[in-house]
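Colleague: Got a minute to go through this model with me? I'd like to start with the inside and then look for holes.

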Amino acid sequence: MFEAVGLSKSYNGAVALDSLDLAIPAGEIFCLLGANGAGKTTTINLFLNFVAPTAGVARIDGLDVVGHPLETKRRLAYIPEQVMLYGNLTGLENLGYLVGLSGAEEPSDAGLRAFLADAGLPAEAADRRVKTYSKGMRQKVGIALAMAKGAGSMLLDEPTSGLDPKASNEFSALLLKMSEAGTAVLMATHDLFRAKEVGDRVGIMKHGRLVEILETRDVGHSELERIYLEHMKD
(Lines give C-alpha, C1' and ligand atoms only; values in the text may rest on other atoms or scores of the structure.)
Protein backbone atom coordinates (compact mmCIF):
# COMPACT_ATOMS: atom_id res chain seq x y z
CA MET A 1 0.00 0.00 0.00
CA PHE A 2 0.99 3.65 -0.41
CA GLU A 3 0.76 6.29 2.29
CA ALA A 4 1.72 9.96 2.23
CA VAL A 5 1.52 12.07 5.40
CA GLY A 6 2.13 15.81 5.08
CA LEU A 7 4.34 15.03 2.08
CA SER A 8 5.89 18.18 0.62
CA LYS A 9 8.64 19.10 -1.81
CA SER A 10 10.08 22.49 -2.67
CA TYR A 11 12.82 23.49 -5.09
CA ASN A 12 14.60 26.77 -4.28
CA GLY A 13 11.50 28.05 -2.56
CA ALA A 14 9.09 26.94 -5.30
CA VAL A 15 6.51 24.47 -4.00
CA ALA A 16 6.14 21.37 -6.18
CA LEU A 17 4.06 19.35 -3.70
CA ASP A 18 2.21 20.82 -0.74
CA SER A 19 1.23 18.71 2.30
CA LEU A 20 -0.10 15.63 0.51
CA ASP A 21 -2.12 13.25 2.70
CA LEU A 22 -3.10 10.09 0.86
CA ALA A 23 -3.58 6.37 1.54
CA ILE A 24 -3.96 3.75 -1.20
CA PRO A 25 -4.73 0.27 0.17
CA ALA A 26 -3.95 -3.07 -1.41
CA GLY A 27 -6.08 -3.75 -4.48
CA GLU A 28 -6.98 -0.12 -5.20
CA ILE A 29 -6.18 1.81 -8.38
CA PHE A 30 -5.80 5.53 -7.64
CA CYS A 31 -5.41 7.90 -10.59
CA LEU A 32 -3.79 11.32 -10.22
CA LEU A 33 -5.11 13.91 -12.68
CA GLY A 34 -3.70 17.35 -13.30
CA ALA A 35 -1.97 19.65 -15.74
CA ASN A 36 1.77 19.55 -16.35
CA GLY A 37 3.51 20.86 -13.26
CA ALA A 38 0.62 20.02 -10.95
CA GLY A 39 2.77 17.72 -8.78
CA LYS A 40 1.93 14.28 -10.17
CA THR A 41 5.44 13.24 -11.18
CA THR A 42 6.90 14.81 -8.03
CA THR A 43 4.60 12.58 -5.98
CA ILE A 44 5.81 9.51 -7.86
CA ASN A 45 9.47 10.53 -7.52
CA LEU A 46 9.04 10.93 -3.77
CA PHE A 47 7.59 7.43 -3.43
CA LEU A 48 10.49 6.13 -5.53
CA ASN A 49 12.91 8.01 -3.24
CA PHE A 50 14.41 9.67 -6.32
CA VAL A 51 14.14 12.98 -4.44
CA ALA A 52 14.03 13.68 -0.71
CA PRO A 53 10.94 15.31 0.79
CA THR A 54 11.13 18.81 2.20
CA ALA A 55 8.62 17.73 4.85
CA GLY A 56 6.41 14.76 5.64
CA VAL A 57 6.84 11.10 4.87
CA ALA A 58 6.13 8.63 2.03
CA ARG A 59 5.54 5.02 3.04
CA ILE A 60 5.20 1.75 1.16
CA ASP A 61 3.69 -1.09 3.17
CA GLY A 62 4.24 1.02 6.26
CA LEU A 63 7.95 1.56 5.61
CA ASP A 64 9.41 5.05 5.19
CA VAL A 65 11.00 5.13 1.71
CA VAL A 66 13.84 7.35 2.98
CA GLY A 67 14.66 5.13 5.96
CA HIS A 68 14.20 1.86 4.06
CA PRO A 69 15.23 2.59 0.44
CA LEU A 70 16.17 -0.94 -0.62
CA GLU A 71 13.33 -2.78 1.08
CA THR A 72 10.66 -0.43 -0.29
CA LYS A 73 12.06 -0.72 -3.83
CA ARG A 74 11.84 -4.52 -3.57
CA ARG A 75 8.13 -4.15 -2.83
CA LEU A 76 7.58 -1.75 -5.70
CA ALA A 77 7.25 -1.79 -9.49
CA TYR A 78 7.59 1.35 -11.58
CA ILE A 79 6.40 1.80 -15.17
CA PRO A 80 7.29 5.20 -16.67
CA GLU A 81 5.90 6.64 -19.88
CA GLN A 82 8.75 4.98 -21.79
CA VAL A 83 9.80 1.59 -20.40
CA MET A 84 13.56 1.36 -20.82
CA LEU A 85 14.75 -2.09 -21.87
CA TYR A 86 17.83 -3.47 -23.59
CA GLY A 87 17.03 -3.35 -27.30
CA ASN A 88 19.46 -6.08 -28.37
CA LEU A 89 18.13 -8.54 -25.78
CA THR A 90 14.91 -10.49 -26.20
CA GLY A 91 11.89 -9.91 -24.01
CA LEU A 92 12.72 -13.14 -22.16
CA GLU A 93 16.34 -12.09 -21.62
CA ASN A 94 15.33 -8.63 -20.42
CA LEU A 95 12.88 -10.08 -17.93
CA GLY A 96 15.38 -12.60 -16.57
CA TYR A 97 18.07 -9.97 -16.19
CA LEU A 98 15.81 -7.41 -14.51
CA VAL A 99 14.32 -9.94 -12.10
CA GLY A 100 17.87 -10.85 -11.10
CA LEU A 101 18.76 -7.19 -10.52
CA SER A 102 15.68 -6.73 -8.33
CA GLY A 103 16.96 -9.26 -5.84
CA ALA A 104 14.00 -11.58 -6.31
CA GLU A 105 14.54 -15.27 -6.94
CA GLU A 106 14.78 -15.70 -10.70
CA PRO A 107 12.15 -18.09 -12.07
CA SER A 108 12.95 -20.83 -14.54
CA ASP A 109 12.82 -20.15 -18.26
CA ALA A 110 9.32 -21.62 -18.31
CA GLY A 111 8.33 -19.42 -15.37
CA LEU A 112 9.59 -16.28 -17.10
CA ARG A 113 7.65 -17.19 -20.22
CA ALA A 114 4.54 -17.71 -18.10
CA PHE A 115 4.86 -14.22 -16.61
CA LEU A 116 5.24 -12.70 -20.08
CA ALA A 117 2.19 -14.63 -21.29
CA ASP A 118 0.17 -13.52 -18.24
CA ALA A 119 1.14 -9.94 -19.08
CA GLY A 120 -0.32 -10.39 -22.57
CA LEU A 121 2.89 -10.64 -24.60
CA PRO A 122 2.47 -12.96 -27.61
CA ALA A 123 4.47 -16.19 -27.17
CA GLU A 124 6.54 -15.60 -30.32
CA ALA A 125 7.56 -12.14 -29.11
CA ALA A 126 9.35 -13.51 -26.04
CA ASP A 127 12.28 -14.58 -28.22
CA ARG A 128 12.41 -11.43 -30.35
CA ARG A 129 14.74 -8.53 -29.66
CA VAL A 130 13.04 -5.75 -27.77
CA LYS A 131 14.13 -3.15 -30.33
CA THR A 132 11.38 -4.61 -32.55
CA TYR A 133 8.70 -4.11 -29.86
CA SER A 134 5.95 -1.52 -29.85
CA LYS A 135 5.48 0.70 -26.78
CA GLY A 136 2.60 -1.47 -25.63
CA MET A 137 4.74 -4.60 -25.81
CA ARG A 138 7.48 -2.94 -23.76
CA GLN A 139 4.94 -2.06 -21.11
CA LYS A 140 3.84 -5.68 -20.97
CA VAL A 141 7.42 -6.67 -20.15
CA GLY A 142 7.22 -4.08 -17.34
CA ILE A 143 4.01 -5.67 -16.04
CA ALA A 144 5.63 -9.12 -16.26
CA LEU A 145 8.52 -7.80 -14.16
CA ALA A 146 6.08 -6.56 -11.51
CA MET A 147 4.46 -10.00 -11.44
CA ALA A 148 7.79 -11.82 -11.27
CA LYS A 149 9.01 -9.57 -8.41
CA GLY A 150 5.78 -10.14 -6.52
CA ALA A 151 5.46 -6.37 -6.20
CA GLY A 152 2.55 -5.39 -4.00
CA SER A 153 2.66 -1.74 -5.09
CA MET A 154 2.92 -0.22 -8.56
CA LEU A 155 3.70 3.33 -9.71
CA LEU A 156 2.74 4.43 -13.22
CA ASP A 157 3.62 7.74 -14.88
CA GLU A 158 1.54 8.46 -18.01
CA PRO A 159 1.56 4.78 -19.07
CA THR A 160 -1.08 5.11 -21.81
CA SER A 161 0.42 8.19 -23.49
CA GLY A 162 0.98 7.41 -27.16
CA LEU A 163 -0.83 4.08 -27.12
CA ASP A 164 -3.51 3.33 -29.68
CA PRO A 165 -7.00 2.56 -28.29
CA LYS A 166 -6.54 -1.22 -28.48
CA ALA A 167 -3.19 -1.17 -26.68
CA SER A 168 -4.53 1.27 -24.10
CA ASN A 169 -7.50 -0.99 -23.43
CA GLU A 170 -5.22 -4.03 -23.08
CA PHE A 171 -3.04 -2.14 -20.61
CA SER A 172 -6.08 -1.17 -18.55
CA ALA A 173 -7.16 -4.81 -18.44
CA LEU A 174 -3.72 -5.76 -17.09
CA LEU A 175 -3.99 -3.12 -14.36
CA LEU A 176 -7.38 -4.47 -13.30
CA LYS A 177 -5.87 -7.95 -13.19
CA MET A 178 -3.07 -6.68 -10.94
CA SER A 179 -5.48 -4.89 -8.62
CA GLU A 180 -7.63 -8.00 -8.33
CA ALA A 181 -4.49 -9.82 -7.19
CA GLY A 182 -4.07 -7.24 -4.41
CA THR A 183 -1.64 -4.76 -5.97
CA ALA A 184 -1.97 -1.12 -4.92
CA VAL A 185 -1.65 1.11 -8.00
CA LEU A 186 -0.88 4.83 -8.15
CA MET A 187 -1.12 6.15 -11.70
CA ALA A 188 -0.43 9.68 -12.91
CA THR A 189 -2.30 10.38 -16.12
CA HIS A 190 -3.84 13.04 -18.36
CA ASP A 191 -6.36 10.52 -19.69
CA LEU A 192 -9.67 11.27 -17.95
CA PHE A 193 -11.47 8.51 -19.84
CA ARG A 194 -8.96 5.86 -18.80
CA ALA A 195 -8.92 7.14 -15.22
CA LYS A 196 -12.69 6.75 -15.03
CA GLU A 197 -12.62 3.31 -16.63
CA VAL A 198 -9.83 1.74 -14.58
CA GLY A 199 -9.56 3.77 -11.37
CA ASP A 200 -11.36 3.16 -8.10
CA ARG A 201 -10.66 6.76 -7.09
CA VAL A 202 -9.27 9.79 -8.86
CA GLY A 203 -7.48 12.71 -7.30
CA ILE A 204 -7.25 16.12 -8.97
CA MET A 205 -4.02 18.04 -8.40
CA LYS A 206 -3.40 21.73 -8.96
CA HIS A 207 -0.32 23.77 -8.08
CA GLY A 208 1.07 20.96 -5.93
CA ARG A 209 -2.10 20.40 -3.91
CA LEU A 210 -4.59 17.55 -4.02
CA VAL A 211 -7.75 19.61 -4.39
CA GLU A 212 -10.39 16.87 -4.71
CA ILE A 213 -10.78 13.10 -4.51
CA LEU A 214 -13.67 11.36 -6.27
CA GLU A 215 -15.00 7.81 -6.28
CA THR A 216 -15.22 6.84 -9.96
CA ARG A 217 -18.37 4.84 -9.36
CA ASP A 218 -20.10 8.06 -8.28
CA VAL A 219 -19.32 10.15 -11.39
CA GLY A 220 -19.86 9.74 -15.12
CA HIS A 221 -17.32 10.62 -17.80
CA SER A 222 -18.87 13.98 -18.58
CA GLU A 223 -19.22 14.92 -14.91
CA LEU A 224 -15.59 13.99 -14.22
CA GLU A 225 -14.51 16.17 -17.14
CA ARG A 226 -16.67 19.06 -15.89
CA ILE A 227 -15.25 18.85 -12.36
CA TYR A 228 -11.70 18.58 -13.65
CA LEU A 229 -12.03 21.58 -15.97
CA GLU A 230 -13.63 23.62 -13.21
CA HIS A 231 -10.59 23.03 -11.02
CA MET A 232 -8.25 23.93 -13.87
CA LYS A 233 -9.64 27.47 -14.10
CA ASP A 234 -7.32 30.10 -12.67
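Modeller: Sure, let's start at isoleucine 143, which is in contact (heavy atoms within 4.5 Å) with Ile79, Ala119, Met154, Phe171, Leu174, Leu175 and Met178, leaving aside its neighbours within four places in sequence. It's a predicted model: local features need pLDDT of at least 70, side-chain atom pairs count only at pLDDT 80 or more, and totals for chains, interfaces and linings use all residues. Residues are numbered from 1 along each chain as its sequence is written, and side-chain values use heavy atoms, with hydrogens and water left out.

Colleague: Which residues touch the most other members of the largest nonpolar core?

Modeller: Leu116, Ile143, Met154, Leu156 and Leu175, out of 48 residues. A core here is a set of buried Ala, Val, Leu, Ile, Met, Phe, Trp, Tyr and Cys residues joined through side-chain atoms within 4.5 Å, where buried is under 20% relative accessible area with a 1.4 Å probe, protein chains only.

Colleague: And what's in the second core?

Modeller: That separate core has 24 residues, including Ala38, Leu46, Ala58 and Ala184.

Colleague: New topic: which residues line the largest cavity?

Modeller: Gly136, Gln139, Lys140, Leu163, Ala167, Glu170 and Phe171. A cavity is a set of points on a 1 Å grid over the protein atoms alone where a 1.4 Å probe fits but cannot get out, and lining residues have an atom within 4 Å of a point.

Colleague: How much space lies in there?

Modeller: About 40 Å³, counted as the space filled by probe spheres set on the points, which are joined across faces, edges and corners.

Notes:
On a 1 Å grid over the protein atoms alone, a cavity is a set of points where a 1.4 Å probe fits but cannot get out, and a pocket is an open set with protein on both sides within 12 Å along at least five of seven lines; lining residues have an atom within 4 Å of a point. Buried means under 20% relative accessible area, exposed over 50%, partly exposed in between (1.4 Å probe, protein chains only).
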